[in-house]
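Thanks for coming, everyone. I would like to walk through one model with you, and I will put the sequence and structure up before I say anything about them.

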Amino acid sequence: MTLRVCLCVTLLLSTATGLPRLNSRSSIVGGEDAAPGKWPWMVYLQTYNGTHVSSCGGSLINTGWVLTAAHCLDEYSFRLEPVLVGQLKLLESTDGLYYNVRRVLIHPGYRDDAHVHDIALVQLNEFVDISDLVMPVALPTPWDVFSARSECWVTGWGNVDEGIPLEGEETLQQLKLPLVDDDTCRMMYPGTNDNQLCAGYMEGAKDSCQGDSGGPLVCKSASGRFVQVGVVSFGQGCARTGYPGVYTRVISYTKFIQDAIRKYS
């Protein structure tokens with residue numbers, strides 16, 4: 001199975017800074033450019049090991065914490081650079097700010113070989129400023145109900161196809177895609193469980209891809225607000241026929257998130 005892996009790790013630094021030019025090789029297969037402020041919780045994570053740069057997505061869940069995938073943070077030979085918040089085009093330096101990292105918390109049950117509990121939290125070294133371009137995403141509650149008819153979107157700066165990076169100004173990509181029923185998800189990925197969900201098109205052609213790992217899958221709730229239901233985890237390649245993407249189911253990790261924020265904030 002081919003993982004959508006972009007490894008990210010931690011470095012303790014101190015304050016938000018202006019943006020240097022990013023050397024990114026990181027989008028969504030079959031997506032389109034997002035508009036400014038459309039997805040204000042989107043966060044860009046980048047790691048560096050002295051020779052190689054890797055990237056992942058993440059989501060701002062409150063003014064001090066970012067939600068991402070555990071596999072983005074479990075390789076400690078890498079150094080996590082300050083995270084980028086409020087940016088649309090990676091090759092522009094006008095909108096976003098970097099925020100340094102205080103703490104990384106990987107779910108204690110995470111196993112890379114089985115892709116289980118693929119979820120992690122990044123605590124920022126200071127609170128972000130809320131604006132039209134920067135705003136936390138809502139997390140799901142037990143009363144939120146989503147189905148294949150729900151309006152759901154995935155966003156990221158990852159590859160536009162297997163092995164093909166996002167080019168040009170590297171504008172954040174967005175893709176509307178349906179949730180896949182659990183029975184079909186388990187049939188396509190027998191090793192998955194109730195803490196995971198699938199989203200995508202069985203005919204292929206549209207999907208998240210390498211570099212989108214850790215990014216949010218959001219769905220519109222009955223109240224009209226977007227709620228993060230998933231975290232980009234893995235898949236069989238990108239946009240292959242019969243293989244939707246697999247996402248960590250956020251509602252399964254409410255206690256992990258709440259306990260971490262309560263303990264360290």
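Which residues lie nearest the centre of the largest pocket? They are Phe146, Leu179, Leu197, Val229 and Arg249, out of 17 residues that line this pocket. Please keep in mind that this is a predicted model, in which local features need pLDDT of at least 70 and side-chain atom pairs count only at pLDDT 80 or more, while totals for chains, interfaces and linings use all residues. Residues are numbered from 1 along each chain as its sequence is written, and side-chain values use heavy atoms, with hydrogens and water left out.

A pocket here is an open set of points on a 1 Å grid over the protein atoms alone, with protein on both sides within 12 Å along at least five of seven lines, and lining residues have an atom within 4 Å of a point. The volume of the largest pocket, taken as the space filled by probe spheres set on the points, is about 280 Å³. Strands β12 (179-180) and β13 (196-199) each supply at least two residues of that lining.

Turning to the largest cavity, meaning a set of points where a 1.4 Å probe fits but cannot get out, its volume is about 120 Å³. Of its 13 lining residues, Gly37, Trp39, Gln87, Leu88 and Leu133 are the closest to its centre.

Finally, glutamine 46 is found in strand β2 (residues 42-48), strands being DSSP runs of E with at least two residues. Glutamine 46 is buried, with a relative accessible area of 10%, where buried means under 20% with a 1.4 Å probe and protein chains only.

Key:
Helix = DSSP H or I, 4+ residues; strand = E, 2+ residues; numbered from the N terminus. Buried < 20%, exposed > 50% of the residue type's maximum accessible area, 1.4 Å probe, protein only.
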